[in-house]
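Reader: I am new to this kind of model. Can you show me how to read it, feature by feature?

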Amino acid sequence: MAQVTIYIPNDLESKIKEKASALNLSISKFISTLLEQKVQNEWSPSSRKLAGAWDDDFPTLEEIRANQGEDVPREAF
């Protein structure tokens, strides 16, 4: 496993330590998890499971807009 040295402000270090501790993670694991999320190229498995999870009777755009009334005309420039 590679080691990387970075320089961060002291206040950011404090926040990282607090968050990592709250999640019961080492600072190294916390930071590597954040970096993995930022460079990830695909949807997570939990996100992919949501595709198609809604009911088939979801209203169409026309049904959603049916009760919104008429738009006000735009001003001429």
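Author: Start with a pair in one helix. Lys-17 and Glu-13 both lie in helix α1, four residues apart, which is about one turn of the helix. This is a predicted model.

Reader: What do Lys-17 and Glu-13 form?

Author: A salt bridge needs a side-chain nitrogen of Lys or Arg within 4 Å of a carboxyl oxygen of Asp or Glu. Lys-17 and Glu-13 form one, with their closest N and O atoms 3.3 Å apart.

Reader: Is Lys-17 buried or exposed, or in between? And Glu-13?

Author: Buried means under 20% relative accessible area, and exposed means over 50%. Lys-17 has 42% relative accessibility, so Lys-17 counts as partly exposed. Glu-13 is at 33%, so Glu-13 is partly exposed too.

Reader: How many salt bridges are there by this rule?

Author: The count is two. The side chains of Glu-42 and Arg-48 also meet in a salt bridge, at 3.7 Å from N to O. Glu-42 is exposed, because its relative accessible area is 56%. Arg-48 has 48%, so Arg-48 is partly exposed.

Reader: How far apart are Lys-17 and Glu-42?

Author: Give two answers, one along the sequence and one in space. Lys-17 and Glu-42 are 25 residues apart in sequence. In space they are 28 Å apart, C-alpha to C-alpha.

Reader: Now the backbone. What should I look for in phi?

Author: Look at the sign. Most residues other than glycine have a negative phi. Asn-24 has a positive phi of about 60°, although Asn-24 is not a glycine.

Reader: Where is Asn-24 found?

Author: Asn-24 is in the loop between α1 and α2. Asn-24 counts as exposed because its relative accessibility is 72%.

Reader: How many helices and strands are in the chain?

Author: The chain has four helices and zero strands. Read along the sequence, its pattern is α-α-α-α.

Reader: What does the radius of gyration say about the chain?

Author: Compare it with a reference. A compact globule of 77 residues would have a radius of gyration near 11 Å. The chain has 23 Å. Its C-alpha trace spans about 60 × 40 × 25 Å along the principal axes. Check burial as well: of the 77 residues, 4% count as buried.

Reader: Next, pockets. What is the volume of the largest pocket?

Author: The largest pocket has a volume of about 470 Å³. Then read its lining. There are 15 lining residues, and the closest to the centre are Val-4, Ser-28, Ile-31, Ser-32 and Leu-35. The elements that give two or more residues to this lining are α1 (10-22) and α2 (27-39).

Reader: Which element gives the most to the lining?

Author: That is α2, with seven residues. Now sort the lining by class: eleven residues are nonpolar, three are polar and one is charged.

Reader: One last topic. How should I read the confidence?

Author: Where pLDDT is low, the predicted coordinates should not be read in detail. In this chain the mean pLDDT is 88, and 100% of the residues reach 70 or more.

Reader: Where is confidence lowest, and where is it highest?

Author: Confidence is lowest in helix α3 (residues 45-50), at a mean of 84. Confidence is highest in α1, at 97. Helix α1 is where we began, with Lys-17 and Glu-13.

How values were computed: Residues are numbered from 1 along each chain as its sequence is written. This is a predicted model: local features need pLDDT of at least 70, side-chain atom pairs count only at pLDDT 80 or more; totals for chains, interfaces and linings use all residues. Side-chain values use heavy atoms; hydrogens and water are left out. On a 1 Å grid over the protein atoms alone, a cavity is a set of points where a 1.4 Å probe fits but cannot get out, and a pocket is an open set with protein on both sides within 12 Å along at least five of seven lines; lining residues have an atom within 4 Å of a point. Grid points are joined across faces, edges and corners, and a volume is the space filled by probe spheres set on the points. Ala, Val, Leu, Ile, Met, Phe, Trp, Tyr, Cys and Pro count as nonpolar, Asp, Glu, Lys and Arg as charged, and the others, Gly among them, as polar. pLDDT is the predictor's confidence in each residue, from 0 to 100. Buried means under 20% relative accessible area, exposed over 50%, partly exposed in between (1.4 Å probe, protein chains only). The radius of gyration is taken over C-alpha atoms; the globule rule is 2.2 Å times the number of residues to the power 0.38.
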